[in-house]
Amino acid sequence: MKYAETRGLMLPAFNTTNMEMTYAIAKGLNMAGLPGYIQISSNNLRLSNPQVITYLTEDALKDSDVPIGLHLDHGKSYEDVKACVNAGFTSIMIDASHLPFGENIKEVRRAVQYCHFYGVPVEAELGALQGKEEDIVNEADCKTDPDMVLDFVTQTGCDLLAVSIGNVHGLDIEPKVDLPLLKTISEISPVPLVMHGGSGIPFDIIQKARQYHLLKVNYGSDLRKEFVSTFGRAYEANHNTASVIELSIEAVENVSRKAAELVTVINS
Ligand code: G3H
Ligand code: ZN
């Protein structure tokens, strides 16, 4: 975070699920020569576990020329937070935004106490995003209330604040980002801000948002689409396609190109 802030950079946080996407994200950030995060949500840890993701990331970063963090995205429990910190994750989100304000504060504060003991920064969310984060659908569209920001950040001790300003998860709903609201929040928040739901947000909006203390932008769907469509196109072309290795290598190429494109554009 400090590296990016001192250089005026915007950090993309790219969601991974598996080995191929983890390697692809590291490759894409190095192709662009820009820093960012590899991140995985609690929901995506069902297939593997934090140790596996840490191992894959360490292997993917062994020749990296740029700083890349490993972040727990939408951490859904204190147990997940501890497991990821213990596995070596360098950044954590505890997402208790679905809880009432006081409960959100309590959950985040507990995670902060654990994470800060190990020097790991914590992202928290105030407000709720509409949309689909893979199979988790949230109908609530509850924008971040600027009047609650200072109290929330002060009481929790979080290091990053994820905001709900018309951004949405997934590609099914068109985002309507409220930049004046982001400006208001940025003037109140003592910590940098995070935009979830990066896929589908016009690049000029992200570029404009940089002036409002936006430090991290999450991208999930854009990369997953590159991965899935690689296999989809091959199968459509030939139902007997079975070369997982060839398609996996091609998928890594496609995802890394998308990651390189995104990190370059949001920093241009
Ligand atoms: O936390 C993950 C991101 O918010 C993903 O959002 O799939 O709309 O890019 P996205
Ligand atoms: Zn998100």
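**Entry 1: H71**

I began with H71 and looked up its contacts beyond four places in sequence, which turned out to be Y37, I38, Q39, I40, F89, S91, I92, M93, E123 and K216. I note at the outset that this is a predicted model, and I read every value below with that in mind. H71 is found in strand β3, and I asked whether its side is buried or exposed. With a relative accessibility of 0%, H71 counts as buried, because buried means under 20%. Among its contacts I picked out E123, whose side chain is joined to that of H71 by a polar contact of 3.2 Å. I also checked P50, which stands 21 residues from H71 along the chain, and found their C-alpha atoms separated by 10 Å.

**Entry 2: the zinc ion**

Which residues donate to the zinc ion, ligand 2? I found H74 through NE2, H169 through NE2 and H196 through ND1, lying 2.0 to 2.1 Å from the ion. Along the chain these donors follow the spacing H-x94-H-x26-H. Two of them link distant parts of the chain, since H74 sits in strand β3 (residues 68–75) and H169 in strand β9 (residues 168–169), 95 residues apart. I looked up the accessibility of this pair as well, and both H74 and H169 are buried.

**Entry 3: ligand 1**

I then turned to ligand 1 and counted what lies around it: 17 residues surround it, and the closest are D73, G170, S199, G220 and S221. For polar pairs, I found an oxygen atom of ligand 1 at 2.6 Å from an N or O atom in the side chain of D73, and a polar side-chain atom of S221 at 2.6 Å from an oxygen atom of the ligand. A polar backbone atom of G197 is 2.9 Å from an oxygen atom of ligand 1. How much of the accessible area of ligand 1 does the protein cover? On its own the ligand has 310 Å² of accessible area, and the protein covers 100% of it. I also asked where the shell comes from, and noted that β3, β9, β11 (214–219) and α9 (221–237) each supply at least two of its residues.

**Entry 4: the cysteines**

A search of the whole structure for disulfides gave zero. I looked at C84 and found it in no disulfide, the nearest cysteine sulfur being that of C115, 9.3 Å away. The sulfurs of C84 and C115 do not form a disulfide because a pair would have to lie within 2.5 Å, and theirs are 9.3 Å apart. C84 counts as buried at 1% relative accessibility, and C115 is buried as well, with a relative accessible area of 0%.

**Entry 5: N267 and H116**

N267 lies in the segment after α10 (244–266), and at 15% relative accessibility N267 counts as buried. Leaving out residues up to four places away in sequence, N267 touches L9, M10, L34 and R210. I looked more closely at M10, whose backbone nitrogen lies 2.7 Å from a polar atom of the N267 side chain.

My last residue was H116, which lies in helix α5 (residues 101–117). At 36% relative accessibility H116 counts as partly exposed, and its contacts beyond four places in sequence are P121, V122, G157 and D159. I also compared H116 with Y55: they are 61 residues apart in sequence, and 22 Å separates their C-alpha atoms.

Conventions:
Residues numbered from 1 in each chain as written. Chains lettered and ligands numbered in written order. Predicted model: local features only at pLDDT ≥ 70, side-chain atom pairs only at ≥ 80, totals over all residues. Heavy atoms only, no water. Buried < 20%, exposed > 50% of the residue type's maximum accessible area, 1.4 Å probe, protein only. Helix = DSSP H or I, 4+ residues; strand = E, 2+ residues; numbered from the N terminus. Polar contact = N/O pair within 3.5 Å; in protein donor to acceptor, adjacent residues only side chain to side chain. Contact = heavy atoms within 4.5 Å. Donors = N, O, S within 2.8 Å, 3.2 Å for Na, K, Ca; no water. Near = heavy atom within 4 Å. Areas by Shrake-Rupley, 256 points an atom, 1.4 Å probe, with all protein chains shown as cover.
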